[in-house]
Amino acid sequence: MRFTRLRLNGFKSFVDPTDLVIRDGLTGVVGPNGCGKSNLLEALRWVMGENRASAMRGDGMEDVIFNGSGKRGARNFAEVVLQLDNSERLAPAGFNDADTLDITRRITRDAGSAYKLNGKDVRARDVQMLFADASTGAHSPALVRQGQISELINARPKARRRILEEAAGISGLYQRRHEAELK
Ligand code: ATP
Ligand code: MG
């Protein structure tokens, strides 16, 4: 499955609808400091089901909604659409009847997030599962945050272990064990 398009509307600094076509091969995003390069990568992570506000550099998930700047007022929703090329029919069963998959996540102030797949309502879990077998997804170690490499190098051993566990995809197992021990 290949990412072919990313559309943003009201997501962080992308207050106006923005439509990015992702072509074959390597894509580079260049621009001055603060122009929104990292926000783009966060949009990608978010639409794939990221639910930790900290991974979005925010205190709460609503912080991804454009919160106003200069003369422009805050918005009350943010929406990101990720388009995937599914012509090779690699999506899991149940999602595999179209050449193109449009995954939409929309967050509205005070109403939380809602997801759609090709226009139909789906659960966050469905979107997360869509990526579970692919080597991508919101928690994929293939998405390296800015500063994460220097964090890894400078981290104390315990913190370094946490980062490596996250990359290895086993931090969820600890969470489940912790929940089981509380019961
Ligand atoms: P650098 O080159 O320094 O890494 P960058 O291109 O990665 O910069 P980002 O970190 O993506 O830049 O964008 C930061 C900008 O996004 C800041 O100007 C910040 O004010 C803006 N921003 C973040 N969240 C919101 C929000 N909810 N509403 C409006 N603007 C936001
Ligand atoms: Mg950046």
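In sorting residues by class, Ala, Val, Leu, Ile, Met, Phe, Trp, Tyr, Cys and Pro count as nonpolar, Asp, Glu, Lys and Arg count as charged, and the others, Gly among them, count as polar. Under this scheme, the shell around ligand 1 holds ten polar residues, three nonpolar ones and three charged ones. The structure is a predicted model, and its chain is divided into domain 1, covering residues 2-137, and domain 2, covering residues 147-183.

**The sheet**
- Six strands form an open sheet in the order β2-β1-β3-β4-β5-β6, and their pairing is antiparallel.
- Because β2 (18-21) and β6 (120-122) stand at the edges and each has a single partner strand, one side of each is left without a neighbour in the sheet.
- From one strand to the next, the twist averages 20°.
- Strand β1 (residues 2-9) and strand β3 (residues 77-85) run antiparallel and are joined by seven bridges, while Asn9 stands opposite Glu79 in β3.

**The helices on the sheet**
- Helix α1 (residues 37-47) lies across β1, β3 and β4 (100-108), and runs at about 80° to β3.
- Helix α2 (residues 124-132) also packs on the sheet, where it touches β4, β5 (112-117) and β6, with its direction making about 55° with that of β5.

**The surroundings of ligand 1**
- There are 16 residues around ligand 1, and those that come nearest are Ser13, Asn33, Lys37, Ser38 and Asn39.

**The two domains**
- The C-alpha centres of domain 1 and domain 2 lie 25 Å apart.

Definitions and conventions: Residues numbered from 1 in each chain as written. Chains lettered and ligands numbered in written order. Predicted model: local features only at pLDDT ≥ 70, side-chain atom pairs only at ≥ 80, totals over all residues. Pairing = 2+ DSSP bridges. Helix = DSSP H or I, 4+ residues; strand = E, 2+ residues; numbered from the N terminus. Axes fitted to C-alpha atoms, helices over the stretch in contact; angles between N-to-C directions. Contact = placed C-beta atoms within 7 Å. Near = placed C-beta within 6 Å. Domains from an automatic or database assignment.
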